[in-house]
Amino acid sequence: MEHHDEDDEVATLATTGVREMATISRHSFSTAGQTDEAFSIDIIENINGDYGLFVWPCGIVLAEYVWQQRLRFSGTSVVELGAGTSLPGLVAAKVGSDVTLTDNSNRLEVLDNMRRMCDLNKVSCKVLGLTWGEWDTPIFSLHPDIVLGGDVLYDSSDFDDLFATVKFLLQNSPGSVFITTYHNRSGHHLIEYLMVKWGFKCIKLLDAFSFMPSSKTSRISGNIQLAEIMLDLQQPQNVRV
Ligand SMILES: C[S@@+](CC[C@H](N)C(=O)[O-])C[C@H]1O[C@@H](n2cnc3c(N)ncnc32)[C@H](O)[C@@H]1O
């Protein structure tokens with residue numbers, strides 16, 4: 001595989017005899033005046049592939065948030081749901097989190113790509129098939145401090161399954177939070193309804209443009225929000241779907 005420093009350059013990748021078009025995009029994380037902490041993450045994307053083989057703008061926003069909150073992330077246990085190309089989780093691993101990257105158990109190509117990106121970026125993350133709303137054995141051993149999800153609120157038919165999984169993880173790890181970025185096209189009212197339904201409360205809501213550095217705003221478009229959510233222990237915690 002050829003390696004390119006510039007975003008959006010195309011490398012040709014041969015996989016199992018099928019020639020696919022793959023790109024490697026480089027994503028940099030730095031703070032002015034603190035160059036010793038700076039690093040970059042290389043992401044293998046396939047524009048002809050699955051949703052999970054492409055870095056979505058919400059992933060770029062969530063990864064930047066993890067970087068800016070790196071002191072908070074250091075030493076924590078992190079699970080990324082619907083991680084796809086996993087940029088936020090890979091940043092969390094770089095800043096010292098113990099990271100489990102997850103995606104739909106049936107998306108073997110996406111899960112394989114995650115493993116390759118861990119090697120490429122020299123980070124050690126666990127990679128796990130975790131389909132929302134399904135209770136396979138490995139989920140019971142997850143006790144995250146922070147659950148991440150970039151652009152996982154896009155198909156309303158999956159919302160209940162997603163929230164059921166998030167609820168399980170937060171209950172399995174008291175005090176934990178879910179940090180998600182989403183396009184506001186999904187509608188706040190639906191998310192607010194789901195939070196009440198599933199017994200969550202929103203403790204932080206940020207507009208992406210309020211914290212993205214100007215060097216990255218050209219890579220995001222639309223109205224992207226970041227919400228930090230936790231269990232609302234004042235609400236009844238039993239839910240009927
Ligand atoms: C829009 S992509 C976002 C990918 C990545 N988080 C990002 O921001 O670049 C949605 C991701 O959710 C995953 N996904 C969709 N439905 C899922 C499900 N039912 N269970 C687990 N993952 C799912 C997809 O495979 C895909 O990786």
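**View 1. Strand β8 and its partner β7.** In this predicted model, Gly149 has Thr180 of β8 as its bridge partner. Leu148 is likewise bridged to β8, with Ile179 as the partner there. Taken as whole strands, β7 (residues 146-150) and β8 run parallel and are joined by five bridges. To get from β7 to β8, the chain passes through helix α5 (residues 159-171), and this β-α-β crossover is right-handed. If you look for open positions along β8 (residues 177-183), you will find few: six of its seven residues are buried.

**View 2. The other neighbour of β8, strand β10.** Here we meet Ile179 again, this time standing opposite Glu228 in β10. Strand β10 covers residues 224-231 and runs antiparallel to β8, with six bridges between the two.

**View 3. The whole open sheet.** Step back and you can follow seven strands in the order β6-β5-β4-β7-β8-β10-β9, with mixed pairing. The edges are formed by β6 (126-129) and β9 (200-207), each of which pairs on one side only. Ignoring direction, neighbouring strands of this sheet are turned by 20 degrees against each other on average.

**View 4. Helices packed on the sheet.** Helix α1, made of residues 57-68, lies across β7, β8 and β10 and runs at about 60 degrees to β10. Helix α5 also packs on the sheet, where it touches β4 (77-80), β7, β8 and β10. The direction of α5 makes about 50 degrees with that of β10.

**View 5. Met117 and its surroundings.** Met117 sits in helix α4, which spans residues 108-120. Is Met117 buried or exposed? It counts as buried because it has 25 C-beta neighbours inside 10 Å, and the cut-off for that class is 20 or more. Setting aside neighbours within four places in sequence, the contacts of Met117 are Ile43, Ile44, Ser86 and Leu90. Ile44 is 73 residues away from Met117 along the chain, yet their C-alpha atoms are separated by 6.8 Å.

**View 6. The shell around the ligand.** How many residues surround the ligand? There are 22, and the closest are Gly52, Gly59, Gly82, Gly84 and Gly150. Sorted by class, the shell has nine nonpolar, eight polar and five charged residues. Two of those glycines link back to earlier views: Gly59 falls within the 57-68 range of helix α1, and Gly150 is the last residue in the 146-150 range of strand β7.

How values were computed
Residues numbered from 1 in each chain as written. Predicted model: local features only at pLDDT ≥ 70, side-chain atom pairs only at ≥ 80, totals over all residues. Near = placed C-beta within 6 Å. Nonpolar A, V, L, I, M, F, W, Y, C, P; charged D, E, K, R; others polar. Helix = DSSP H or I, 4+ residues; strand = E, 2+ residues; numbered from the N terminus. Buried ≥ 20, exposed ≤ 12 C-beta atoms within 10 Å, placed from the backbone. Contact = placed C-beta atoms within 7 Å. Pairing = 2+ DSSP bridges. Right-handed = clockwise from strand over helix to strand, strands pointing away. Axes fitted to C-alpha atoms, helices over the stretch in contact; angles between N-to-C directions.
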